Amino acid sequence: MLEVSHVKKNYGSLTAVNDLSFSIQPGEIFGLLGTNGAGKTTIFKMILGLLEPTAGQILFNGKKISYEDVDHIGYMIEERSLLVKLSVMELVLHYGALKGLDKETILERLNYWLKRFNMESYLDKKIKELSKGNQQKIQFITSIINNPKLLVLDEPFSGLDPINTQKFVEVIRDFQKQGTMIIFSTHQIDHVESFCEQLIVLEKGIPVLQGKISDIKKDFKRHNIRLIGDVEENMLRAIQGVRDVIIQPNEWIVKIEDEGVSEAVFNYVKTCMNVRKFDVEQATLSEIFIEKVGETYEQV
Ligand SMILES: Nc1ncnc2c1ncn2[C@@H]1O[C@H](COP(=O)(O)OP(=O)(O)OP(=O)(O)O)[C@@H](O)[C@H]1O
């Protein structure tokens, strides 16, 4: 388990992270969301033991991270510091050896991952000859070559095309199934919504939204109704508890205060012609984010 308790980090007079607490259990994926400069990289460096917190503590399986733990941790930090003159094989052998792995194991795993990322022919290519996306895949492979128990990924998806993003997601999910703890940062809320258990939204080092995504969604009462039919906007808007009505090319989205309002909407929709769809859904994480964090973002 990874436990971050009341962690603070000052750079001179700037507080980059302030009173941050969270924990990650084996098999959990944790998303860290924030604008540029929110403090994400600083947190990762503290988790990896590269920076000392000004206050608070970080425990990995009950102990402060030490040099021996490196063998069980995988990380991909944002500065893409690949040794560009090396070949893919040389680079991965280098990182694998740093994690205490023997050559045979590293090559066996490397071949497996290159195959999985459709990069079998790249084994002897120099890193500097690779495209940015392929360099990123190699960096990702170096971070997982030791089958880590804790995987720290700073913006793993930035610059990846949708197909490779999906590949990364599949691999991350496989590690999750094996019980790895995964923490990653992103600027994009849809990545967090699609596969994290927990999230923290950081703003200037302060958590402004935090918790289990299922709880955050449950606590947020607002719902949306998606409907198709010959309805009238004015009639929908007149129903008590309807907050907004959005017309999309193929359907209407009726935003309601809470699920209970759907009954009144349904009673009206029943009187309309050609009704083919009436789905009540929880608000999306993106809507919750805008509602709860939007104001803070605007003040930045
Ligand atoms: N070594 C340093 N010395 C002084 N200030 C720093 C240092 N590293 C980071 N900062 C400052 O700390 C704050 C948090 O930076 P950090 O790199 O952790 O943010 P981030 O969320 O990772 O940003 P980005 O999304 O742009 O990568 C910023 O205001 C940054 O300028």
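**Helix H1, the ligand shell and the domains**

Student: Which residue follows H1, and what is the sign of its phi?

Tutor: H1 is followed by Gly49, with a positive phi near 80 degrees. Helices here are DSSP runs of H or I with at least four residues, strands are E runs of at least two, and both are numbered from the N terminus. This is a predicted model, where local features need pLDDT of at least 70 and side-chain atom pairs pLDDT 80 or more, while totals for chains, interfaces and linings use all residues. Residues are numbered from 1 along each chain as its sequence is written.

Student: Is H1 itself enclosed or open, and why?

Tutor: Helix H1 covers residues 40-47, and six of its eight residues are buried, so the rest of the structure largely encloses it. Buried means 20 or more other C-beta atoms within 10 Å of the residue's own, with C-beta atoms placed from the backbone.

Student: Which ones are buried?

Tutor: In H1, they are Lys40, Thr42, Ile43, Phe44, Met46 and Ile47.

Student: Switching to the ligand, how many residues surround it?

Tutor: Twelve, with Tyr11, Ala16, Asn36, Thr41 and Thr42 the closest. A residue counts if its C-beta atom, placed from the backbone, lies within 6 Å.

Student: Which elements give two or more residues to that shell?

Tutor: Strand E2 (14-24) and H1 do. H1 gives the largest share, three residues.

Student: And how is the protein divided?

Tutor: There is domain 1 (2-213) and domain 2 (221-282), with bounds from an automatic or database domain assignment. Taken over C-alpha atoms, the centres of domain 1 and domain 2 are 42 Å apart.

Methods:
A residue is buried if 20 or more other C-beta atoms lie within 10 Å of its own, exposed if 12 or fewer, and partly exposed in between; C-beta atoms are placed from the backbone.
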